[in-house]
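Biologist: I would like to learn how to read a model like this one, feature by feature. Where should we begin?

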Amino acid sequence: MTYDVIVVGARCAGGSTSLLMARAGLRVLLIDRADFPSDTVSGHMIKLAGVERLQRWGLLDAVLASGCPRIEGHIVDFGVQRLQVPSDPGALTPLAPRRTVLDDLLLHAAADAGTDVALQTSLTGLLSDGDRVTGVRLRDRAGRR
Ligand SMILES: Cc1cc2nc3c(=O)[nH]c(=O)nc-3n(C[C@H](O)[C@H](O)[C@H](O)COP(=O)(O)OP(=O)(O)OC[C@H]3O[C@@H](n4cnc5c(N)ncnc54)[C@H](O)[C@@H]3O)c2cc1C
């Protein structure tokens, strides 16, 4: 099989990259050795720039619908005094979805955009022609190479 791009790692980086490339018309294969939904070591904080991207990609409502907490303000600590700064009413706020939710949502959005997804599939090597990488070696969930 031939793809324009093969993305290894289907979590927040690989899922969103695949989503954007598939929407741009590229043939994309996204693989991960893990199964989804599954957790990974991480905090839950998405800063505002990330939340704005989720909105631009049409995924913010789905993240909010998962019931993930909004981070409604922050504390500025001057040492001698601490100020509690609330967020503006109605404004976007940082969010705190679990990775089981966020990564799975991005993966499904990438698949909806036309990305082929192979889970429990590991990259085991690269095929090259001189300096150029021309393909990948994979091992699927059944151990097939
Ligand atoms: C303790 C901790 C707290 C953090 N807190 C935050 C936070 O609050 N907010 C924030 O924005 N960031 C946080 N980060 C950073 C954040 O977790 C990472 O930036 C983010 O996980 C990177 O996402 P990723 O999709 O690039 O990779 P990862 O989430 O690391 O996913 C990589 C994927 O690649 C797959 N993979 C790897 N090798 C192969 C292979 N050979 N074949 C097939 N699949 C493969 C793995 O199975 C995995 O699913 C935190 C990180 C840590 C460690």
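Modeller: Begin with a helix, and keep in mind that this model is predicted. Helix 4 has 14 residues. From its first C-alpha to its last, helix 4 reaches 19 Å, close to the 20 Å expected at 1.5 Å a residue.

Biologist: Which residues of helix 4 are buried?

Modeller: The buried residues there are L102, D103, L105, L106, L107, A109 and A110. They pack against helix 1, strand 2, helix 3 (60-65) and strand 5 (116-119).

Biologist: What should I look at just after helix 4?

Modeller: Look at the backbone angles. G114 comes just after helix 4 and takes a positive phi of about 110 degrees.

Biologist: Now helix 1. How many residues does helix 1 have, and what span does it reach?

Modeller: Helix 1 has 12 residues. Its reach from first C-alpha to last is 16 Å, close to the 16 Å expected at 1.5 Å a residue. G25 follows helix 1, with a positive phi near 100 degrees.

Biologist: Which residues of helix 1 are buried, and what do they pack against?

Modeller: In helix 1, G14, G15, S16, S18, L19, M21 and A22 are buried. Their packing partners are strand 1, strand 2 and helix 4.

Biologist: Take G15, which lies in helix 1. Why does G15 count as buried?

Modeller: Burial is read from a neighbour count, with 20 or more other C-beta atoms within 10 Å as the cut-off. G15 counts as buried because it has 27 C-beta neighbours inside 10 Å.

Biologist: What is G15 in contact with, leaving aside its neighbours within four places in sequence?

Modeller: Its contacts are A10, D103, L106, L107 and A110. Sequence distance can mislead here. G15 and T115 are 100 residues apart in sequence, yet 9.5 Å apart in space, C-alpha to C-alpha.

Biologist: How do I read a nonpolar core?

Modeller: Start from the general idea. In soluble globular proteins, nonpolar side chains tend to be buried together. Here, the largest nonpolar core has 16 residues. Strand 1 (5-8), helix 1 (12-23), strand 2 (28-32) and helix 4 (99-112) each give two or more residues to this core. The largest share, 6 residues, comes from helix 4.

Biologist: Which residues have the most contacts inside that core?

Modeller: V28, L30, L106 and A110. Take L30 as a case. Not counting residues up to four places away in sequence, L30 touches V7, A10, G14, S18, A110, T115 and V117.

Biologist: Next, the ligand. How many residues surround the ligand, and which are the closest?

Modeller: There are 19 residues around the ligand, and the closest are G9, R11, A13, S42 and G43. Helix 1, strand 2 and strand 6 (122-129) are the elements that give two or more residues to this shell. Helix 1 supplies the largest share, 3 residues.

Biologist: How does that shell divide into nonpolar, polar and charged residues?

Modeller: The shell around the ligand has 9 nonpolar, 7 polar and 3 charged residues.

Biologist: Let us turn to strands. In which sense do strand 3 and strand 4 pair?

Modeller: Strand 3 (residues 73-77) pairs with strand 4 in the antiparallel sense, over 5 bridges. To fix the register, find residues that face each other. I75 stands opposite Q84 in strand 4. The hairpin has 4 residues between the strands, and G79 takes a positive phi near 85 degrees there.

Biologist: Is strand 4 (residues 82-86) well covered or hardly covered?

Modeller: Hardly covered. Of its 5 residues, the number that are buried is 0.

Biologist: And G73, in strand 3: why does G73 count as exposed?

Modeller: Because G73 has 12 C-beta neighbours inside 10 Å, and 12 or fewer is the cut-off for exposed. Beyond four places in sequence, G73 is in contact with Q84, V85, P86 and S87. G73 and D140 are 67 residues apart in sequence and 45 Å apart in space, C-alpha to C-alpha.

Biologist: Which backbone details should I check in the loops?

Modeller: Check omega and phi. A cis peptide bond joins F36 and P37, with omega about 0 degrees. P37 lies in the loop between strand 2 and helix 2 (48-56). Q120 is not a glycine, yet its phi is positive, about 50 degrees. Q120 sits in the loop between strand 5 and strand 6.

Biologist: Why is Q120 partly exposed?

Modeller: Because Q120 has 14 other C-beta atoms within 10 Å, which falls between the cut-offs of 12 and 20.

Methods. Residues numbered from 1 in each chain as written. Predicted model: local features only at pLDDT ≥ 70, side-chain atom pairs only at ≥ 80, totals over all residues. Pairing = 2+ DSSP bridges. Core = buried A, V, L, I, M, F, W, Y, C linked by C-beta atoms within 7 Å. Contact = placed C-beta atoms within 7 Å. Near = placed C-beta within 6 Å. Nonpolar A, V, L, I, M, F, W, Y, C, P; charged D, E, K, R; others polar. Expected span 1.5 Å × (residues − 1).
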